[in-house]
Amino acid sequence: MNTATKLSGFALGLAAVFGTAYGVGHLAGPVTPAAETRHDATDAGHDSGGPDHGDGGHAATVTTHLPGGLLVSDRGYTLQPVTAPAGEFAFRITGPDGRPVTRFDVAHDKRMHLIVARRDLSGFRHVHPELAADGTWRVASPLAGPGVWRAFADFTPTGGEPLTLGVDVTVPGALEHRSLPAPATSTTVDGYTVTLAGAPQPGRTSRLTLTVSRDGRPVTDLQPYLGAYGHLVALRQGDLAYLHVHPEGTPGDGRTPAGPAVTFAAEVPSAGAYRLYLDFRHGDAVHTAEFTVLAGDQPTPTPAAPAPTTAPTPDAGHGTPGHGHS
Ligand SMILES: [Cu+2]
């Protein structure tokens with residue numbers, strides 16, 4: 001079987017999952033409701049598990065949602081990178097009239113969230129560009145070196161729906177392949193240790209709890225960042241489908257502690273491998289902790305095992321289902 005055949009089979013599998021995974025829209029934030037109900041899905045099987053989606057309309061009108069970030073153009077809005085001086089990244093969003101959009105609503109403290117990662121899921125950055133009067137967004141380039149990058153613009157045009165558009169951007173240079181790190185439930189960043197409890201399950205809401213400590217002590221004075229104690233983005237291996245997940249509770253609501261644990265309600269659109277990126281703020285700096293997680297019917301990673309050093313094949317880094325060799 002060649003790669004193309006494998007991929008189309010994979011896509012069909014995803015389509016089947018999406019047929020019942022409409023709840024993902026709540027978490028994907030920017031979602032693409034299909035104009036028509038293309039799958040005769042019913043609400044069967046969706047009445048169990050997880051908090052209320054807060055939007056009772058799902059049961060009556062079942063639509064097929066795509067995760068965010070897969071489209072460069074959606075609902076009349078298009079993400080267009082523009083030529084920028086060295087060291088800068090610039091782009092525009094054009095609207096249904098073909099003109100650059102100049103009015104955006106604030107969401108999570110900002111009018112524009114720009115997320116980038118290489119296609120191999122390395123190099124994640126989450127930055128906030130500045131809008132010029134002509135509709136051009138500019139930011140110091142977050143593209144940290146050669147590779148094929150995916151840039152996600154997560155925004156709400158004034159008068160429109162939240163959207164996440166994605167575009168590939170190539171930075172020339174010697175490519176260095178990075179295998180997806182093995183699934184793990186603990187990681188370190190900037191001197192912090194972050195642990196992950198919970199595993200996402202396709203088609204239903206799963207609680208993921210991330211706990212931050214430093215020098216063996218729980219961090220209990222996390223600082224609000226973008227209106228929350230943590231920001232979690234998940235990217236799916238294979239197509240970089242983008243899920244922006246928000247934590248339970250709001251700083252200052254009188255019941256949400258400032259750490260050490262931040263809990264998220266996450267719903268992934270399919271089985272497979274995802275890379276999670278947790279942005280949290282402490283010591284007046286933003287830190288990003290990264291995890292690989294496997295969703296679906298896969299062996300549950302053993303918390304005590306740091307890495308699959310006893311994996312059955314020496315090619316463990318490439319053993320993820322769906323990874324096509326040529
Ligand atoms: Cu942001």
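Which residues is Leu232 in contact with, leaving aside its neighbours within four places in sequence? In this predicted model, Leu232 is in contact with Leu208, Leu210, Leu243, His244, Val245, Phe264, Leu276, Tyr277 and Leu278, once those neighbours within four places are left aside. The protein has 326 residues, of which buried residues make up 42%, and its secondary structure comes to 2 helices and 21 strands. The points below begin with the protein as a whole and then turn to its cores, its sheets and its copper site.

**The protein as a whole**

- The protein exposes about 15,700 Å², and carbon and sulfur atoms supply 53% of that area.
- If one takes the contacts between residues at least 6 apart in sequence, 66% of them join residues that are at least 24 apart.

**The nonpolar cores**

- The largest nonpolar core has 27 residues, and Leu232 is listed among those with the most contacts inside it, together with Val194, Leu210, Leu276, Leu278, Phe280 and Phe291.
- Several strands contribute to this core, since β14 (192-197), β15 (206-214), β17, β18, β19 (261-266), β20 and β21 each supply at least two of its residues.
- A second core, separate from the one just described, has 22 residues and includes Tyr77, Ala153, Leu165 and Val167.

**The sheet of four strands**

- An open sheet is formed by 4 strands in the order β18-β17-β20-β21, and the pairing in it is antiparallel.
- Strands β18 (242-245) and β21 (285-295) stand at the edges of this sheet and have a single partner strand each, so one side of each is left without a neighbour in the sheet.
- From one strand of this sheet to the next, the twist averages 20°.
- Strand β17 (residues 231-236) runs antiparallel to β20 and is joined to it by 6 bridges, and within this part of the structure His231 stands opposite Asp279 in β20.
- Strands β20 and β21 are also paired in the antiparallel sense, here over 11 bridges, and they form a hairpin with 2 residues between them, in whose turn Gly283 has a positive phi of about 65°.

**His282, in strand β20**

- His282 is found in strand β20, which covers residues 272-282, and the bridge partner of His282 in β21 is Ala285.
- Because its relative accessible area is 13%, which falls under the 20% cut-off, His282 counts as buried.
- When residues up to four places away in sequence are not counted, His282 touches Tyr192, Val219, Asp221, Leu222, Gln223 and His287.

**The sheet of five strands**

- Another open sheet is formed by 5 strands in the order β3-β4-β5-β10-β9, and the pairing here is antiparallel.
- The edges of this sheet are β3 (73-74) and β9 (130-131), and because each has a single partner strand, one side of each is left without a neighbour in the sheet.
- The partner of β9 is strand β10 (residues 136-140), with which it pairs in the antiparallel sense over 2 bridges, and Glu130 stands opposite Arg138 in β10.

**Strand β7 and its partners**

- Strand β7 (residues 112-118) is mostly covered, as 7 of its 7 residues are buried.
- Both faces of β7 are covered, with Met112, Leu114, Val116 and Arg118 buried on one side, and His113, Ile115 and Ala117 buried on the other.
- On the way to strand β11 (residues 147-157), β7 runs antiparallel and is joined by 7 bridges, with Ile115 standing opposite Phe152 in β11.
- Strand β8 (residues 125-127) also pairs with β7 in the antiparallel sense, over 3 bridges, and Val116 stands opposite Arg125 in β8.
- The strands β7 and β8 form a hairpin with 6 residues between them, and Leu121 in the turn has a positive phi of about 75°.

**The copper site**

- The protein donors of the copper ion are His113 through ND1, His126 through NE2 and His128 through NE2, and they lie 1.8 to 2.0 Å from the ion.
- Along the chain, the donors of the copper ion follow the spacing H-x12-H-x1-H.
- Among these donors, His113 belongs to the buried residues of β7, and His126 and His128 are buried as well.

Methods
Residues numbered from 1 in each chain as written. Predicted model: local features only at pLDDT ≥ 70, side-chain atom pairs only at ≥ 80, totals over all residues. Heavy atoms only, no water. Buried < 20%, exposed > 50% of the residue type's maximum accessible area, 1.4 Å probe, protein only. Contact = heavy atoms within 4.5 Å. Donors = N, O, S within 2.8 Å, 3.2 Å for Na, K, Ca; no water. Pairing = 2+ DSSP bridges. Axes fitted to C-alpha atoms, helices over the stretch in contact; angles between N-to-C directions. Core = buried A, V, L, I, M, F, W, Y, C linked by side-chain atoms within 4.5 Å. Areas by Shrake-Rupley, 256 points an atom, 1.4 Å probe, with all protein chains shown as cover.
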